[in-house]
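Dear colleague,

Please find below the structure that I am handing over to you. My notes on it follow directly after.

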Amino acid sequence: MTWRGSTDTKDRIFAALVYLLPLYSAFAFGIFIFQQIPFLGAALAIVLTPLAFLYSSLGTFGSLIIFFVLFLAVVRNPCISHFIRFNTMQAILIDILVYLLGLLLGFVARGLGANLVVETLFNVVFLGAFAACVYSIIQSFIGKYADIPTISEAAYSQVGG
């Protein structure tokens, strides 16, 4: 990604925080991994508790409300730095991808039942989202744009130059 000027500490923190949204969405897919590594599940549960409270307090459409608030108030707001807008859009895209994979896996899991294939697919979705979020959080804290193939290009095209 092209460098768009320096980022201050506040921008870095806000850019990193938005990646908790797709991590929260992917948390349910980690059920099989958390059986093997309970500490990971407990640590993520502690980190994601404030977000879970926010989602539950907003009701049934909590995720949709948060999506529109982030998209309209952050991504489409030129007064906010490009760094924050780009990372917010990228987190939204990762969240959408996790949601769509969840719909697909819902159909697959019903057809196959609980077996090794379903467990493997759940693990792949969780680990993919977890890796993308952790990488993006680290890059945001450093002040660099996280470059995830295809997703970063789509986020960049939405945010603009």
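In this predicted model, the aromatic pairs number 10. One of them joins Phe 32 and Phe 122, whose ring centres are 5.8 Å apart. The planes of these two rings stand at 80°, which is over 60°, so the pair is classed as edge-to-face. The two partners come from distant parts of the chain, since Phe 32 belongs to helix α3 (residues 31-36) and Phe 122 to helix α7, with their positions 90 residues apart in the numbering. Their surroundings fall into separate classes of accessibility. Phe 122 has a relative accessible area of 17% and is therefore buried, whereas Phe 32, with 21%, is partly exposed. The cut-off that decides this is 20%, under which a residue counts as buried. In addition, Phe 27, Phe 34, Phe 126 and Phe 130 make up one aromatic cluster.

Phe 126 deserves a separate entry. Leaving aside residues up to four places away in sequence, Phe 126 touches Ala 26, Phe 27, Phe 29, Gly 30, Ile 33, Phe 34, Leu 40 and Leu 44. Phe 126 also appears among the residues with the most contacts inside the largest nonpolar core, together with Tyr 19, Phe 29, Met 89 and Ile 94. That core comprises 43 residues. At least two of its residues are supplied by each of α1, α2 (20-26), α3, α4 (38-58), α5, α6, α7 and α8 (151-159). Helix α6 provides the largest share, namely nine residues.

I turn next to the packing of the helices. The axes of α6 (residues 82-112) and α7 (residues 116-142) come within 10 Å and cross at roughly 175°. This angle makes α6 roughly antiparallel to α7. On the α6 side, the contact includes Phe 83, Asn 87, Gln 90, Ile 94, Val 98 and Leu 101. On the α7 side, the residues include Val 117, Leu 121, Phe 122, Val 125, Ala 129 and Ser 136. By class, the contact of α6 with α7 consists of 15 nonpolar and four polar residues, with no charged ones.

Helix α7 also packs against α1 (residues 9-17), at an angle of about 170° and with the axes 8 Å apart. The helices α1 and α7 are therefore roughly antiparallel to each other as well. Arg 12, Ile 13, Ala 15 and Ala 16 of α1 make this contact with Ile 137, Ser 140, Phe 141 and Ile 142 of α7. Here six residues are nonpolar, one is polar and one is charged.

Two individual residues complete these notes. Gln 90 lies in helix α6 and has a relative accessible area of 0%, so this residue is buried. Beyond residues up to four places away in sequence, Gln 90 touches Tyr 19, Ser 136, Ala 146, Ile 148, Ile 151, Ser 152 and Ala 155. Of these, Ser 136 belongs to the α7 side of the contact between α6 and α7, and Tyr 19 is one of the core residues named above.

Phe 68 is located in helix α5 (residues 62-75). With a relative accessible area of 43%, Phe 68 is partly exposed. Phe 68 and Ile 33 are separated by 35 residues in sequence, and their C-alpha atoms are 31 Å apart in space. Ile 33, for its part, is among the residues that Phe 126 touches.

With kind regards

Technical notes
Residues numbered from 1 in each chain as written. Predicted model: local features only at pLDDT ≥ 70, side-chain atom pairs only at ≥ 80, totals over all residues. Heavy atoms only, no water. Axes fitted to C-alpha atoms, helices over the stretch in contact; angles between N-to-C directions. Helix = DSSP H or I, 4+ residues; strand = E, 2+ residues; numbered from the N terminus. Parallel < 35°, antiparallel > 145°, perpendicular 65-115°, else oblique. Contact = heavy atoms within 4.5 Å. Nonpolar A, V, L, I, M, F, W, Y, C, P; charged D, E, K, R; others polar. Phe/Tyr/Trp six-rings, centres within 6.5 Å; stacked < 30°, edge-to-face > 60°. Buried < 20%, exposed > 50% of the residue type's maximum accessible area, 1.4 Å probe, protein only. Core = buried A, V, L, I, M, F, W, Y, C linked by side-chain atoms within 4.5 Å.
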